[in-house]
Amino acid sequence: MRAPLIAIEGLDRSGKSTQTLKLVRRLQDSNRSVKLLKFPERTTAIGKLIDQYLKDKKYKLSDESVHLLFSANRWELQDKIIDLLTNQYIVVVDRYVYSGVAYSGAKGLKFQWCLNPDLGMPKPDVTIFLKFNDMLQVTTRSGFGEERYEESEFQKKVCAQFKKFEGFSEWHNINVDNKSIEEVHDEIWNLVEPVINGINNDIQTF
Ligand code: Z5A
Ligand code: MG
């Protein structure tokens, strides 16, 4: 028996950080051991480079190298994720492999090429994609436009890339248009509750 890995994904400002925090608090309130991880993890050696790249739109790096940095940033935490899950800590990730593939895919890199560097990383048991149908709602949320990629035409391309994961067995869409934080949280909880008592199979990998 091991704990589940849960990923929350979505476009910018879709509410991932708001929802991962709420989910973690609810799990803690029900006496579960839980750890929240966020990607990119900007405090590691590789994470610091990524942070600089995202904040400084003039910072030049090829799309391929940026992609590999984001993947390497997840590999920096691979041992930790496995350790936590086997020690019965539910791990909630705020963005994960799917973001890596979707943002680089939106720049024109091939899907399989983008996924390859993450092959072998732990695969979530449940992945929840916070989906906007009305893209206008993305750009009007506070803080949008401060970092690289926060531009509506690019976000539409990213959204099309995320759609490619809809055939993955762990993938669930939740539509967030005009829904309150509480309403979205309740839908997330309905998907997460069935797995909180643990998973019988080994950790799956991409
Ligand atoms: N990236 C990549 O290219 N490759 C990779 O492998 C990975 C990432 C992992 C930084 O990510 C960039 O890295 C990101 C993808 C790329 N590109 N961009 N742009 P990040 O996760 O660090 O930063 P972010 O995506 O810009 O997301 P965010 O700012 O963290 O947004 P969020 O977490 O989804 O949203 P939030 O902070 O929870 O909420 C945003 C606002 O909306 C806030 O004021 C909330 O109070 C409000 N909110 C939340 N929910 C609602 C509802 N339901 N109604 C109304 N208002 C709401
Ligand atoms: Mg966030």
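**Figure 1. Overall fold of the predicted protein chain.** Of the 206 residues of the protein chain, 34% are classed as buried, in what is a predicted model throughout. The chain holds nine helices and five strands, which follow one another from the N terminus in the order β-α-β-α-α-α-β-α-α-β-α-α-β-α. Its radius of gyration is 16 Å, in agreement with the value near 17 Å that a compact globule of 206 residues would have, and along the principal axes its C-alpha atoms fill a box of roughly 45 × 35 × 30 Å. Among contacts with a separation of 6 or more, 80% are made by residues 24 or more positions apart.

**Figure 2. The span annotated as a domain.** The unreviewed UniProt entry places the feature "domain: Thymidylate kinase-like" at residues 8-188. In the predicted model, this span is 47% helix and 13% strand, and the C-alpha atoms at its two ends lie 9 Å apart.

**Figure 3. The largest nonpolar core.** This core comprises 39 residues, and those with the most contacts inside it are Ile90, Val91, Val92, Ala102, Leu130 and Val158. Two or more residues each come from β1 (5-10), α1 (16-29), α4, β3, α5 (97-106), β4 (126-131), α8 (152-162) and α9, with α5 giving the most, namely six residues. Leaving aside residues up to four places away in sequence, Val158 touches Leu11, Ala102, Tyr103 and Ala106. As a general background to such a view, nonpolar side chains in soluble globular proteins tend to be buried together.

**Figure 4. Helix α5 and its surroundings.** Because 10 of the 10 residues of α5 are buried, this helix is largely enclosed by the rest of the structure. The buried residues are Val97, Tyr98, Ser99, Gly100, Val101, Ala102, Tyr103, Ser104, Gly105 and Ala106, and the elements that cover them include β1, α3 (63-75), α6 (111-115), β4 and α8. Just after the helix, Gly108 adopts a positive phi of about 115°.

**Figure 5. The shell around ligand 1.** Of the 27 residues around ligand 1, Gly15, Ser17, Thr18, Gly100 and Tyr103 come nearest. Helices α1, α5 and α9 each supply at least two residues of this shell, which by class consists of nine nonpolar, 10 polar and eight charged residues. Two of the nearest residues, Gly100 and Tyr103, are also among the buried residues of α5.

**Figure 6. The cis peptide bond before Pro40.** The bond from Phe39 to Pro40 is modelled as cis, with omega near 0°. Pro40 belongs to the loop that runs between β2 (34-38) and α2 (45-55).

**Figure 7. Positive phi values at Gln88 and Asn178.** Gln88, a residue other than glycine, has a positive phi near 70° and sits in the loop between α4 (78-86) and β3 (90-94). With 13 other C-beta atoms within 10 Å, a number above the limit of 12 or fewer for an exposed residue and below the 20 or more required for a buried one, Gln88 is partly exposed. Asn178, likewise not a glycine, has a positive phi of about 55° and is placed in the loop between β5 (171-175) and α9 (181-192). Asn178 counts as exposed because it has 9 C-beta neighbours inside 10 Å.

Key:
Residues numbered from 1 in each chain as written. Chains lettered and ligands numbered in written order. Helix = DSSP H or I, 4+ residues; strand = E, 2+ residues; numbered from the N terminus. UniProt positions renumbered as here; feature names shortened; annotations may be inferred. Rg over C-alpha atoms; globule rule 2.2 N^0.38 Å. Contact = placed C-beta atoms within 7 Å. Core = buried A, V, L, I, M, F, W, Y, C linked by C-beta atoms within 7 Å. Near = placed C-beta within 6 Å. Nonpolar A, V, L, I, M, F, W, Y, C, P; charged D, E, K, R; others polar.
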